[in-house]
Amino acid sequence: MLLACFAAAALTDLVSLAVGFDGGHVVAKPLLMPLLAAWAAARGTPRLLVAALLCGWGGDVLLLSDSDRAFLAGMASFAAGHVCYLALFGRHGTPRARALVPAPVYALTLVTTVALLWPDLPADLRVPVAGYSALLVAMAYTAGVRFGLVTGLGGALFLLSDTLIATGVAHWPQPPRPDFWIMLTYVAAQFLLVSGTRRALEARRGPMTTYGEGRSTQDATPRPTPRSTTP
């Protein structure tokens, strides 16, 4: 039910953006992350994952305003969410032999993007955007290297979504309906981060549960009592 409500809110938001109906976007956008967080919490996902989504909700609400202060506060809220994701990946993730995107590619993307955006960003946003970008890239890379393909794809889409926002702030040429593409990649990113993390954790719990049940069954089996040799 919660997942269906999330899907309905996401569809309403995206359709509203596609047709230019601002009212639908203002109503639907703040519902997205609370619904996804409630769905994740109902399935026993770690609290850090729920906290990351709620930080995303704070950023979503703040970015509904066009003021610079709201933008900075929203970026700080998303940054807190990335810290939660990094803590989650570090605590519950397992190092993998191959990442979705190699670390040098992410590092080159970070340096190139910040260098190109720097001259066109407002002076008071340059350092915050650079710092936020480094944190975002760290989250995107760690998602793939600790939790695999689906979670890594979520991290990569989050990076793409926020890069589209940054190019808009820098007044670079934008695709038609840029807010639609920003929200499409953002909603997909958050959902993939949640579903990929859940899938990886459940796959890891499965063998452990089976082993534990096997041990419990063996331990519960009564052992034969040695017969007395006394007549």
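The exchange below goes through some labels used for this predicted model.

Modeller: This is a predicted model, where local features need pLDDT of at least 70, side-chain atom pairs count only at pLDDT 80 or more, and totals for chains, interfaces and linings use all residues. Residues are numbered from 1 along each chain as its sequence is written, and side-chain values use heavy atoms, with hydrogens and water left out.

Colleague: Why is the pair R198 and E202 called a salt bridge?

Modeller: The term requires a side-chain nitrogen of Lys or Arg within 4 Å of a carboxyl oxygen of Asp or Glu. The closest N and O atoms of R198 and E202 are 2.8 Å apart, so the pair meets that limit. The structure holds one salt bridge.

Colleague: What makes R198 buried and E202 partly exposed?

Modeller: Buried means under 20% relative accessible area, exposed over 50%, and partly exposed in between (1.4 Å probe, protein chains only). R198 has 16%, so R198 is buried. E202 has 40%, so E202 is partly exposed.

Colleague: Why does H82 count as buried?

Modeller: The relative accessibility of H82 is 1%, so H82 falls in the buried class.

Colleague: How do you know that the side chains of H82 and Y132 make a polar contact?

Modeller: A polar contact is a pair of N or O atoms within 3.5 Å; within protein, one must be able to donate a hydrogen and the other to accept it, and residues adjacent in sequence count only if both atoms are side-chain atoms. For the side chains of H82 and Y132 the value is 2.9 Å, so the distance limit is met.
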